[in-house]
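Here's a quick walk through one protein model. Have the sequence and the 3D view handy as you read.

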Amino acid sequence: MALDHVNIYALEEGDGWTIIDTGFDTRLTREIWGGLRSGPLGGKPVRRVIGTHHHPDHIGLAGWFMRSDGAELMMSRTAWLTARMLQLDLQERPTQEALAFWRRAGMPPELLEKRAGERPFNFADVVAPIPLGYTRLTDGQEVNFGGRRWRVAMGHGHAPCHATFWSQDDDLVIGGDQLLSSISPNLGVHPTEPEADPVGEWLESCTRLLELAEPRHFVLPGHKLPFTGLPDRLRQLIDNHHGALDRVETALRAAPRSAVECFDILFKRRIDESVFGLALVEAVAHVNHLRHKGVIHAVGERDGAALWGA
């Protein structure tokens, strides 16, 4: 993957550790954790795993720690239910719903045919089985770990009910993928909820979290480097998506396009096959947001792909 890492945080609890997120369940990741456990973590057990959200690079080894260390798992209810559901959803070939979704978005016929014959990514491929039982995190709740009191604030758009943590005792904020320093997380619409509006949810979340953000905050993100200047960064994330939406609307006033034909407007770079799926779901997300606002509407189709005009 182009994004070749995930940030994991370990907070000491005296006789053990609380860890924030885990990485994928792969042989390499387990080997890395083996070195961490015998080295920096001093052989002490992981007492608690906190999952910021349900994506596999963040909770892939949660079940492994629950079984090996008896760790408590803390997540939002939506994140836990989504992870449990995806764990059971094994597919050897794409579903008819997925193929229809890709076609309607404008995936080229030759790529659609290729994808139809391939085994799709399965959540369970890189996520250890998650045992029953967890501790629920809710918006506005106060939780204690790592010698600090933390306020939980939920964000949406990148993932439903994504937990962020705001220390009430110092300047730390644990941001997961909701608060990133130099990249914007994928905001995607998928065949499971083709009418979703994650861009609208993201913009609302950034605006709401802006009320909590202060220049003093030191943010520990899910990827890339920790950073300060959170209020400016949240405004930048908001402005970036408004700019992308304005570009799409302007282009669709000039001529109808499918969601895939908006790639050049949204991303301003060539999209190759390795990231085509991520680009497709994000393009549909921006189209959906403009549709829900009533700015664009369907004007026809081409080879099964919906065409949108403003």
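The notes below cover the annotated domain, a run of strands, the cysteines and a pocket.

## The domain

Keep in mind that this is a predicted model. An unreviewed UniProt entry puts a "Metallo-beta-lactamase" domain at residues 5-223. Over that stretch, the chain is 30% helix and 22% strand. The C-alpha atoms at its two ends sit 7 Å apart.

## Two hairpins in a row

Start with strand E6 (residues 142-145), which runs antiparallel to E7 (residues 148-155) and is joined to it by four bridges. Phe-145 stands opposite Arg-148 of E7. The pair makes a hairpin with two residues between the strands, and Gly-146 in the turn has a positive phi of about 60 degrees.

E7 also pairs with E8 (residues 162-167), again antiparallel, through six bridges. Here Ala-153 has Thr-164 in E8 as its bridge partner. This hairpin has six residues between its strands, and Gly-157 in the turn shows a positive phi of about 115 degrees.

## Cysteines without a partner

How many disulfides does the whole structure have? Zero, as it turns out. Take Cys-161: the closest cysteine sulfur, in Cys-206, is 15 Å from its own, so the two are too far apart for a bond. Cys-206 is buried, with a relative accessible area of 0%.

## The second largest pocket

This pocket holds about 200 Å³ of space. Its lining includes Arg-103, Met-107, Pro-108, Leu-112, Ser-258, Glu-261 and Asp-303. By class, the lining has six nonpolar, two polar and four charged residues.

Technical notes: Residues numbered from 1 in each chain as written. Predicted model: local features only at pLDDT ≥ 70, side-chain atom pairs only at ≥ 80, totals over all residues. Heavy atoms only, no water. UniProt positions renumbered as here; feature names shortened; annotations may be inferred. 1 Å grid on protein atoms, 1.4 Å probe; cavity = no way out; pocket = protein on both sides within 12 Å on 5 of 7 lines; lining within 4 Å. Points joined across faces, edges and corners; volume = space filled by probe spheres on them. Nonpolar A, V, L, I, M, F, W, Y, C, P; charged D, E, K, R; others polar. Disulfide = S-S within 2.5 Å. Buried < 20%, exposed > 50% of the residue type's maximum accessible area, 1.4 Å probe, protein only. Pairing = 2+ DSSP bridges.
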